[in-house]
Amino acid sequence: GLAYVVNGQILYRIDYVEDVFGNRNYSAAALSAAVISGTDKVIMSDNGDQLCIIAPDFGGQFNCWIYTVALGLVQVSDVDFDGPVVGLTFMDGYFVFLKTNSNKFFISDLRDGSSYIATDFASAESDPDNLVTAAPLNGVLYIFGSLTCEQYINQGGAGFPFVRATSGVIQKGCHAPLSLAEFNGSLVWIGNGDNEKPAIWISSGDNPQKLSTAPVDSLINSGGIEKLRKAYVVKWAERGHSFLAFTVPDV
């Protein structure tokens with residue numbers, strides 16, 4: 001029920017005190033002297049007990065940190081952590097990581113983001129595009145490359161639990177990893193297929209539908225491909241309505 005923020009290279013918790021009228025006074029508490037390397041936006045996920053943070057632009061193998069109330073902020077050091085990683089999400093008790101510049105993804109131990117097994121990985125092989133981001137939706141894990149998306153389900157049992165779903169390939173990738181969001185039972189993202197200009201797409205597991213109009217497409221692409229890769233989305237609800245806001249830096 002509390003917000004966590006990485007500002008600069010320091011992790012903060014946003015605490016508050018509520019008065020008798022329900023008004024809140026907020027303050028930021030630095031949680032550790034340890035620093036999170038890198039200068040770009042981080043990606044966070046949690047399993048209820050641990051907050052997992054990755055810094056995609058930090059090129060070292062261990063570009064992942066775990067925060068717990070008991071131990072504070074600790075950099076992952078398990079030799080079986082196959083970093084550096086560019087993507088992070090959580091599903092069915094596992095942190096899921098996407099290895100940088102590859103089609104490989106791997107998982108943490110169950111409910112433990114500090115521990116890993118070298119054989120707990122799989123490769124998205126429907127297309128040779130590199131993986132960029134991932135998200136769960138309705139019990140399915142969506143692994144996005146730059147041009148395609150593969151769907152995986154948790155079959156349980158011994159060994160690596162995730163297997164690709166039958167016909168589980170979407171011919172639209174994600175161009176801006178931080179633009180992916182769950183929205184009212186669907187996934188929304190900025191992406192494209194082969195030889196297509198990036199646009200805003202939505203899918204609940206079936207063929208994606210285009211959300212953006214031609215003028216919006218022109219606007220989000222006006223700064224060029226590299227600026228669009230840095231686009232990010234913010235989601236909120238207000239007065240019974242849900243909203244998404246996409247930002248393309250410097251556009």
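**Notebook: rings, a core and a hairpin**

I began with Lys104, which lies over the face of Phe121, 4.3 Å from the ring centre; I counted a charge as over a ring if NZ of Lys or CZ of Arg is within 6 Å of the ring centre and within 35 degrees of the ring normal. Lys172 lies over the face of Trp201, at 4.7 Å.

A note to self: this is a predicted model, with local features needing pLDDT of at least 70, side-chain atom pairs counting only at pLDDT 80 or more, and totals for chains, interfaces and linings using all residues. Residues are numbered from 1 along each chain as its sequence is written, and side-chain values use heavy atoms, with hydrogens and water left out.

Next I searched the whole structure for aromatic pairs and found 17 (ring centres of Phe, Tyr or the six-membered ring of Trp within 6.5 Å; planes under 30 degrees apart are stacked, over 60 edge-to-face, the rest tilted). Tyr94 and Phe162 have ring centres 6.1 Å apart and planes at 75 degrees, so I logged the pair as edge-to-face. Tyr94 sits in strand S9 and Phe162 in strand S15 (residues 162-170), 68 residues apart; strands are DSSP runs of E, at least two residues, numbered from the N terminus. I found both rings' residues, Tyr94 and Phe162, buried (under 20% relative accessible area, 1.4 Å probe, protein chains only).

Which residues does Phe162 touch, leaving aside those up to four places away in sequence? I listed Met91, Tyr94, Ile107, Leu141, Tyr152, Ile153 and Asn154, with contact meaning heavy atoms within 4.5 Å.

Elsewhere, I saw Phe62, Phe81, Phe97, Phe106 and Tyr116 form one aromatic cluster.

Technical notes. Helices (H or I, at least four residues) and strands (E, at least two) are DSSP runs, numbered from the N terminus. Buried means under 20% relative accessible area, exposed over 50%, partly exposed in between (1.4 Å probe, protein chains only).
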